[in-house]
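Trainee: I am new to this structure and would like a close look at a single part of it. Please choose one part, describe it carefully, and then explain what surrounds it.

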There are 2 protein chains.
Amino acid sequence: MKSAEQTRWLDERQQEHWRAFLGGITVLMDQLDRDLRAEHGISITEYEILVRLSESPDRSIRMADLAASLSHSRSRITHTITRLERDGLVSRIQCDTDGRGVTAVLTDKGFETLSTAAHTHVNGVRKYLVDLASPEDFAAVGRVMTKVQNALGGRTF
Amino acid sequence: MKSAEQTRWLDERQQEHWRAFLGGITVLMDQLDRDLRAEHGISITEYEILVRLSESPDRSIRMADLAASLSHSRSRITHTITRLERDGLVSRIQCDTDGRGVTAVLTDKGFETLSTAAHTHVNGVRKYLVDLASPEDFAAVGRVMTKVQNALGGRTF
DNA sequence: AACAGATAGTTGAACTTTCAATCAAGTCGT
DNA sequence: ACGACTTGATTGAAAGTTCAACTATCTGTT
């Protein structure tokens, strides 16, 4: 921040929106996480990984791609996959084209867990978010957050 | 979930919006936190507490009210305030009307830190979010997240 | 007054994420 | 083919969060 330039503070309305945003994501993510843990024993982070794997050819994705896809650090992915592997939902295989590479693969048990957890998750997303908003407003949320992702997206950790 | 009823999955568009939302809040919160830590040595959670205190009469708020205001658990507030107290930004005083009560008070040093950190924070919120969206879209975000907060708001931990 | 139950806050352990350091394998320029 | 550099992934420790258990105080009922 250059000291010469004045900071443009948020006006009252913007501040309200920003605080609603902060508070909203806090309670929303917390509730979705709680529901998944209570009913299926997985966190929302783990759930998102299972989803990505299930949609991918061979139900497998390399660690770095998983990290990029979720905007998580490599380290975080390593730890999370370690837990998922311990629980038998995912397994690791060596990448044959790159000696350094490791690929995470969804196991049958992982797919089973995902299949049932998906109901809980989607119902939550609807009940706590999608169904509360008008389609236009929800689309606006999508537009805005897409821009945020694009603006901050390709960082390295 | 009753097994009789069918889960209404998200359509492709809704799914895009939801994923943008998830990815967006991840990179946004991460960046705002990083900026505050790098330039002022406080996390975004700590920053939010300082803000609430600074706006309150006597620059002080009771622990439970702080928890409610941030949608954090009591335990989390206790730990965070302990850290802020260790760093001299906040101090604890006994509540005189309720023997169980503890009130967190912003110190002068805490106010100083907040005063400079606020520039960093607001500039970030603008650059990474507010200025990327049209006023209408940002207002829509505010509307939606207000509803989320109201729907999930008053939970106990 | 005394008890039951609710509320405020803390504590310590378990769990998750971050951070910096490390190791192995790939790429590039000479 | 050598060294310098980059990239992919892991590791262990530190920082932060959650969870369940606990103490202390308050409130309402009898």
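Mentor: Helices and strands are here DSSP runs, numbered from the N terminus: a helix is a run of H or I of at least four residues, and a strand is a run of E of at least two. The model is predicted, and for that reason local features are given only where pLDDT is at least 70 and side-chain atom pairs only at pLDDT 80 or more, whereas totals for chains, interfaces and linings use all residues. Residues are numbered from 1 along each chain as its sequence is written, while chains are lettered from A and ligands numbered from 1 in the order in which they are written.

The part I have chosen is the sheet of chain B, with the loops and helices around it. A convenient entrance is B:Asp58, which sits in the loop between helix 2 and strand 1 of chain B. This residue has a positive phi, near 60°, although it is not a glycine. Is B:Asp58 buried or exposed? B:Asp58 is exposed, because 10 other C-beta atoms lie within 10 Å; a residue is called buried at 20 or more other C-beta atoms within 10 Å of its own, exposed at 12 or fewer, and partly exposed in between, with C-beta atoms placed from the backbone.

The sheet itself is open and has 3 strands in the order 1-3-2, with antiparallel pairing; two strands pair if DSSP finds at least two bridges between them. Its edge strands are strand 1 (60-62) and strand 2 (90-94) of chain B, each of which pairs on one side only. From one strand to the next the twist averages 30°. Strand 2 and strand 3 of chain B run antiparallel and are joined by 5 bridges. Within this pair, B:Val90 stands opposite B:Leu106 in strand 3.

Two helices of chain B lie across these strands. Helix 2 (residues 44-55) lies across strand 1, strand 2 and strand 3, at about 90° to strand 3. Helix 3 lies across strand 1 and strand 3, at about 90° to strand 1. For such angles, axes are lines fitted to C-alpha atoms, for helices over the stretch in contact, and the values run from 0 to 180 degrees between N-to-C directions.

At the other end of strand 3 (102-106), the loop to helix 5 of chain B holds B:Thr107. B:Thr107 counts as partly exposed, because it has 18 C-beta neighbours inside 10 Å. Which residues does B:Thr107 contact, leaving aside its neighbours within four places in sequence? They are B:Gly88, B:Leu89, B:Val90 and B:Ser91, where contact means that the C-beta atoms, placed from the backbone, lie within 7 Å. B:Gly88 is 19 residues away from B:Thr107 along the chain, yet their C-alpha atoms are separated by 7.1 Å.

Let us now turn to the surroundings, beginning with the other chain. The contact between the chains takes 46 residues from chain B and 46 residues from chain A. On the side of chain B, helix 1, helix 5 (108-128) and helix 6 (135-152) each give two or more residues. Helix 6 of chain B supplies the largest share, 15 residues. This side of chain B divides into 25 nonpolar, 15 polar and 6 charged residues; Ala, Val, Leu, Ile, Met, Phe, Trp, Tyr, Cys and Pro count as nonpolar, Asp, Glu, Lys and Arg as charged, and the others, Gly among them, as polar.

Chain B is superposed on chain A by a rotation of 180° with 0.0 Å of shift along its axis, at an RMSD of 0.0 Å; the fit is by least squares on the C-alpha atoms of residues with pLDDT of at least 70 in both copies. The two copies are therefore related as by a two-fold rotation axis. The C-alpha of chain B nearest the axis belongs to B:Val141, at 2.7 Å from it.

The last neighbour is DNA strand C, which 26 residues surround, the closest being A:Ser75, A:Gly99, B:Met63, B:Ala64 and B:Thr78; a residue is near a molecule or strand if its C-beta atom, placed from the backbone, lies within 6 Å of it. Helix 4 (74-86) of chain A and helix 1 (12-40), helix 3 (63-70) and helix 4 (74-86) of chain B each give two or more residues to this surface. Helix 4 of chain A gives the most, with 5 residues. The surface near DNA strand C comprises 4 nonpolar, 12 polar and 10 charged residues.
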